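Here are some short exercises to work through with the model open in your viewer. Try each task yourself before reading its solution.

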Amino acid sequence: MQAETLSGGFADPAIASAAAFRQVMEAMARPGTIHTLTGAAPPAPLSPATGAVLLTLCDPDTPVHLAGALDCNAVRAWVAFHTGAPVVGPSHCMFAVGGWNDLAPLSAYQIGTPQYPDRSATLIVQVEKLEPHGATLSGPGIKGTHSLSLPETRAFQKNAGHFPLGLDFIFTSGDHVAALPRTTVVNQTGAI
């Protein structure tokens, strides 16, 4: 087994995963806010924040779909060794990881059912940068509005229309993370 596969996990898994979990949950509870995630050093092309999210949220019972450049031997081996999560196709995953264009089409992922809306996928989207400007966000967890640089707005508007069904999104860039749950209303800049 290559050293790259064995390294890059949390140095102190109990403490680091608890801290990362808190940051991810804070991002979900306050859509559009940007948080820092540290402690993971996954193989390229995974970002440190993406690695930390995977280490925190994935286990042998959470199937993962790797899209685009992230679907490579180094990432597959790292995910398998550190989380035990099976790598599956998009229609069977609980988490999908990749760049925005690589994750298309969004219709490939489970959005839950009326009886079980929680049986939907969460997409972990690696973006070039996360900035507190761009699309205007409102809804639960947001006092007034927040802004976040999103790859587009229409897909998120359509997703919110499925509520209580729909996809949840976690965005990562370097060691930063932000989230966009399905309850968030997304408008173009200044369009509220």
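## Exercise 1: A residue in β8

Ala179 has 1% relative accessibility, so Ala179 counts as buried in this predicted model.

**Task.** Find which strand holds Ala179, and list which residues Ala179 touches beyond four places away in sequence.

**Solution.**
- Step 1. Place the residue: Ala179 lies in strand β8, residues 176-180.
- Step 2. Check the burial: the cut-off for buried is under 20% relative accessible area, and Ala179 has 1%.
- Step 3. Collect the contacts: leaving out residues up to four places away in sequence, Ala179 touches Ala27, Met28, Pro31, Gly32, Phe169 and Ile170.
- Step 4. Compare sequence with space: Ala179 and Val125 are 54 residues apart in sequence, and their C-alpha atoms are 9.7 Å apart.
- Step 5. Widen the view to the strand: 4 of the 5 residues of β8 are buried, so β8 is largely enclosed by the rest of the structure.

## Exercise 2: The partners of β8

**Task.** Work out in which sense β8 pairs with β7 and with β1, parallel or antiparallel.

**Solution.**
- Step 1. Recall the background: strands of a sheet pair through backbone hydrogen bonds, either parallel or antiparallel.
- Step 2. Take β7 and β8: they pair in the antiparallel sense over 5 bridges. Here Thr172 has Val177 in β8 as its bridge partner.
- Step 3. Look at the connection: β7 and β8 form a hairpin with 2 residues between them, and Gly174 in the turn has a positive phi of about 60°.
- Step 4. Take β1 and β8: this pairing is also antiparallel, over 2 bridges. His35 has Val177 in β8 as its bridge partner.

## Exercise 3: A buried aspartate

**Task.** Decide whether Asp168 counts as buried or exposed, and find which side chain makes a polar contact with the side chain of Asp168.

**Solution.**
- Step 1. Locate the residue: Asp168 is found in strand β7, residues 168-173.
- Step 2. Apply the cut-off of under 20%: Asp168 counts as buried because its relative accessibility is 12%.
- Step 3. Find the polar partner: the side chains of Asp168 and Arg182 are joined by a polar contact of 2.8 Å.
- Step 4. Add the surroundings: beyond four places away in sequence, the residues touching Asp168 include Met28, Ser120, Thr122 and Leu180.

## Exercise 4: Helix α3 and the largest core

**Task.** Find how many residues of α3 are buried, and how many α3 gives to the largest nonpolar core.

**Solution.**
- Step 1. Count the burial: 9 of the 10 residues of α3 are buried, so this helix is largely enclosed by the rest of the structure. Among the buried ones are Ala49, Gly51, Val53 and Leu57.
- Step 2. See what covers them: the cover includes α2, α4, β3, β4, β7 and β8.
- Step 3. Turn to the core: it has 26 residues, of which Leu37, Val53 and Val97 touch the most other members.
- Step 4. Assign the contributions: α2 (13-29), α3 (48-57), β2 (64-66), α4 (73-83) and β3 (95-99) each give two or more residues. The largest share, 6 residues, comes from α3.
- Step 5. Zoom in on Val53: not counting residues up to four places away in sequence, Val53 touches Val24, Leu37, Cys58, Ile124, Ile170, Thr172 and Val177.
- Step 6. Note the other core: a second, separate one of 23 residues includes Tyr109, Leu148, Ala155 and Leu180.

## Exercise 5: Around β3

**Task.** Determine how β3 runs relative to β2 and to β4, and which handedness the β-α-β unit of β2, α4 and β3 has.

**Solution.**
- Step 1. Check the cover: 5 of the 5 residues of β3 are buried.
- Step 2. Take β2: it runs parallel to β3, with 3 bridges between them, and Val64 stands opposite Phe95 in β3.
- Step 3. Take β4 (residues 122-126): it also runs parallel to β3, joined by 5 bridges, and Val97 stands opposite Ile124 in β4.
- Step 4. Assign the hand: the unit made by β2, α4 and β3 is left-handed.

## Exercise 6: Two cis peptide bonds

**Task.** Find where Pro45 and Pro105 lie.

**Solution.**
- Step 1. Ala44 and Pro45 are joined by a cis peptide bond with omega about 10°; Pro45 sits in the loop between β1 (35-36) and α3.
- Step 2. Ala104 and Pro105 are joined by a cis peptide bond with omega about -5°; Pro105 sits in the loop between β3 and β4.

Notes: Residues numbered from 1 in each chain as written. Predicted model: local features only at pLDDT ≥ 70, side-chain atom pairs only at ≥ 80, totals over all residues. Heavy atoms only, no water. Core = buried A, V, L, I, M, F, W, Y, C linked by side-chain atoms within 4.5 Å. Buried < 20%, exposed > 50% of the residue type's maximum accessible area, 1.4 Å probe, protein only. Contact = heavy atoms within 4.5 Å. Pairing = 2+ DSSP bridges. Right-handed = clockwise from strand over helix to strand, strands pointing away. Polar contact = N/O pair within 3.5 Å; in protein donor to acceptor, adjacent residues only side chain to side chain.
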